[in-house]
Amino acid sequence: QVQLVESGGGLVQAGGSLRLSCAASGSISSINAMGWYRQAPGNQRELVAAITSGGSTNYADSVKGRFTISRDNAKNTVYLQMNSLKPEDTAVYYCTANLLRLGSLSGRDYWGKGTLVTVSS
């Protein structure tokens with residue numbers, strides 16, 4: 001079994017910061033890309049940021065310059081540092097990882113259950 005567990009969500013005032021973490025555990029052979037998506041009420045899930053195993057990153061235009069994604073490959077963990085938060089950043093944030101399980105021939109995407117981020121104005 002593989003699990004992705006997010007932490008670090010909560011309530012913050014506009015202009016504040018939060019740091020999300022997501023740890024992957026279980027029978028993992030290797031992890032390719034990892035990333036964060038978010039879904040606000042009434043909206044579709046959208047990509048926030050992603051990072052490859054080599055450290056290349058990409059961001060949604062709405063978070064560029066404010067959010068930073070990073071990962072610790074030794075800990076199978078991905079982070080999302082969120083600064084200058086805005087009320088429109090309020091959403092459930094989901095971690096995802098494309099990984100290869102031990103004994104498997106091909107990788108697939110796994111998802112965490114999400115962590116709620118609420119930004120008050």
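1. Start with I31, which sits opposite L99 of strand β9 in this predicted model. That contact belongs to the pairing of strand β4 (residues 28-39) with strand β9 (residues 91-101), an antiparallel match held over nine bridges. If you want a place to begin tracing the fold on screen, I'd pick this pair.

2. Keep following β9, since other strands pair with it too. Strand β11 (residues 115-120) runs antiparallel to β9, and three bridges connect the two. To find the spot, look for A91, whose bridge partner in β11 is V117.

3. Then there is strand β10 (residues 108-111), again antiparallel to β9, this time with four bridges. N98 is a handy marker here: its bridge partner in β10 is D109. β9 and β10 make a hairpin with six residues between them. In that turn, G103 takes a positive phi of about 85 degrees.

4. Now the cysteines. How many disulfides does the count come to? One. It joins C22 to C95, with the sulfurs 2.1 Å apart. C22 lies in strand β3 (residues 18-26) and C95 in strand β9, so to speak two distant parts of the chain, 73 residues apart. The link is left-handed, with -80 degrees about the S-S bond.

5. Is C22 buried or exposed? It counts as buried, because its relative accessibility is 0%. C95 is likewise at 0% relative accessibility and therefore counts as buried. Buried here means under 20% relative accessible area.

6. Two backbone angles deserve a look, beginning with N76. This residue has a positive phi of about 50 degrees although it is not a glycine. Where is N76 placed? You'll find N76 in the loop between β7 (67-72) and β8 (77-82). With a relative accessible area of 24%, N76 is partly exposed.

7. The other one is S84, also not a glycine, with a positive phi near 50 degrees. S84 belongs to the loop between β8 and β9, and its relative accessible area of 40% makes it partly exposed. 

8. To pull the β9 story together: this strand pairs with β4, with β11 and with β10, and it also carries C95 of the disulfide. When you go through the model yourself, I'd walk along β9 and check A91 against V117, then C95 against C22, then N98 against D109, and finally L99 against I31.

Conventions. Residues are numbered from 1 along each chain as its sequence is written. This is a predicted model: local features need pLDDT of at least 70, side-chain atom pairs count only at pLDDT 80 or more; totals for chains, interfaces and linings use all residues. Side-chain values use heavy atoms; hydrogens and water are left out. Two strands pair if DSSP finds at least two bridges between them. Buried means under 20% relative accessible area, exposed over 50%, partly exposed in between (1.4 Å probe, protein chains only). A disulfide is a pair of cysteine sulfur atoms within 2.5 Å.
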